[in-house]
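Let's take a walk through this structure. We'll begin around the ligand and then move on to a helix and the core.

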Amino acid sequence: MGLPLVLGTFTIIFLGLYYSYQKLRFKLPPGPRAWPVVGNLYDIKPVRFRCYAEWAQRYGPIMSVWFGSTLNVVVSNSELAKQVLKEKDQQLADRHRSRSAAKFSREGQDLIWADYGPHYVKVRKVCTLELFTPKRLESLRPIREDEVTAMVESIYIECTTPENKEKSLVVKKHIGAVAFNNITRLAFGKRFVNADGVMDEQGLEFKAIVANGLKLGASLAMAEHIPWLRWMFPLEEEAFAKHGAHRDRLTREIMDEHTLVRQKSSGAAKHHFVDALLTLQDKYDLSEDTIIGLLWDMITAGMDTTAITVEWGMAELIKNPRVQEKAQEELDRVIGFDRVMTELDFPNLPYLQCVAKETMRLHPPTPLMLPHRANSNVKIGGYDIPKGSNVHVNVWAIARDPAIWKDPLVFRPERFMEEDVDMKGHDFRLLPFGAGRRVCPGAQLGINLVTSMLGHLLHHFSWAPPNGLKPEEIDMTENPGLVTYMRNPLQAFPTPRLPAHLYKRVPVDV
Ligand code: HEM
């Protein structure tokens, strides 16, 4: 009894002194009162970006929030976002790695979790000059179009099956499949699911690895922020090692398959990321850890983000029948009724593009982006951000700020017809992909896929709420988490609106 009490008292006094020292030494941004040991951890409501937006009303657009003994600074207006992501970008471009992220990324050997430095600059160059070039994006377009037509077919089959008459369907099931197949094909050159929807063994392994990674990552959340408490949550070293080994074995197996195919076809490389990275390994001096890390970064960052955005977009379109009809009117006029849309039609579909943009404004899938970390002492908005603090930009709150948006809560794509606002990091009012050095490298790919999915869903079907529900009753609450799913997956009732022969998947082998 005696020793824990003494230790506990000592720690509380030490942390009290630490907070006071930080306050005296630095001019920290204001914020809610921090408790000893836990800081503000127990005051933060589960949907963090909403909680921070509420607090910003009280404490202002730059705030201190303490996760245990770690200072987190949250900025919530576009002027401060510009300071963080443009003016002080280089000093704020490190990443905070949780213990699980550190393990998965082998201490930042990948891109997402790498600190800003020579390794990051090299890997980022590989992304910009090799992986996400317009040419590669175009060469992978057939994959996206194959998957989007597969989605249309699966919805058509489900809603025209006689026993499903009058039944609504779960939208996420269909859009999630596009996101999954698209990303595994793009990164690994593999469609793990056959034409009948059955997943092969490698695919099942792959899914298990993704699910296990999420579980391991979440299991440490509490101990993460209070380092001296970690002894109570022993790091599941063995589970991490097993997980890492499983992931590496499957990835190596796939890499070997690709190397074999390349050797057989005398070096002619395909366009998938795995082939690109293996072919470029020597040129850029990439370790195997980096190649594996990069491939999994694409899965982590590129799969759920697109599916989540489309689900929110469909919820808004069902809530706002006027917008749905206007987008369909444009599709009917431009595409007609005897062919399906392709990405080449985008330039002729300005309203559809505005629908995608308005969706990302109101529902950015990563509302606090990914946290950045200060690699030196920095001043933002007149306050000190000490080295080692984390900085979050509440892009959700900025995109709903009444000081810069007219009727910010209304879903009105026309606003972007009236004023063209960039969303790829050049206009600090709209930042679904972040901005600056760490801006999302997959932004254009994400925009293309989201626009294409929304376009196909609207051209092929009319959408209504499930029986008995009024459009305004659709539940728009968010699930807590780094990426923001709808808390209750959207259910909807589709009615086909094109000739039956246009609902067939057009498979391609790229
Ligand atoms: C709607 C779709 C998407 C949205 C809204 C989105 C958003 C974001 C955001 C906000 C960040 C953090 C930026 C920062 O830290 O400042 C990010 C990073 C990243 N995204 Fe995306 N993303 C999307 C799709 C994709 C896709 C399709 C891929 C790849 C296939 C991808 C790959 C990445 C990577 C690798 C990073 C880490 C960049 C770095 O740390 O330097 N994203 N994304």
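By class, the shell around the ligand holds 15 nonpolar, eight polar and two charged residues. Here Ala, Val, Leu, Ile, Met, Phe, Trp, Tyr, Cys and Pro count as nonpolar, Asp, Glu, Lys and Arg as charged, and the others, Gly among them, as polar. This is a predicted model, where local features need pLDDT of at least 70 and side-chain atom pairs count only at pLDDT 80 or more, while totals for chains, interfaces and linings use all residues. Numbering runs from 1 along each chain as its sequence is written.

Who comes nearest to the ligand? Of the 25 residues around it (C-beta atom, placed from the backbone, within 6 Å), those are Gly 302, Gly 434, Cys 440, Gly 442 and Gly 446. Helix 13 (288-302), helix 14 (304-319) and helix 19 (443-460) each supply at least two shell residues, and helix 13 gives the largest share, four. Helices are DSSP runs of H or I, at least four residues, numbered from the N terminus.

Now look at helix 8, residues 171-188. Of its 18 residues, 15 are buried, meaning 20 or more other C-beta atoms, placed from the backbone, lie within 10 Å of their own. Just after helix 8, Gly 189 takes a positive phi of about 65 degrees.

The largest nonpolar core has 109 residues, with Leu 295, Met 314 and Met 453 making the most contacts inside it. Helix 8 gives the most to this core, nine residues. Such a core is a set of buried Ala, Val, Leu, Ile, Met, Phe, Trp, Tyr and Cys residues joined through C-beta atoms within 7 Å.

Definitions and conventions: The expected span of a helix is 1.5 Å times one less than its number of residues. A residue is buried if 20 or more other C-beta atoms lie within 10 Å of its own, exposed if 12 or fewer, and partly exposed in between; C-beta atoms are placed from the backbone.
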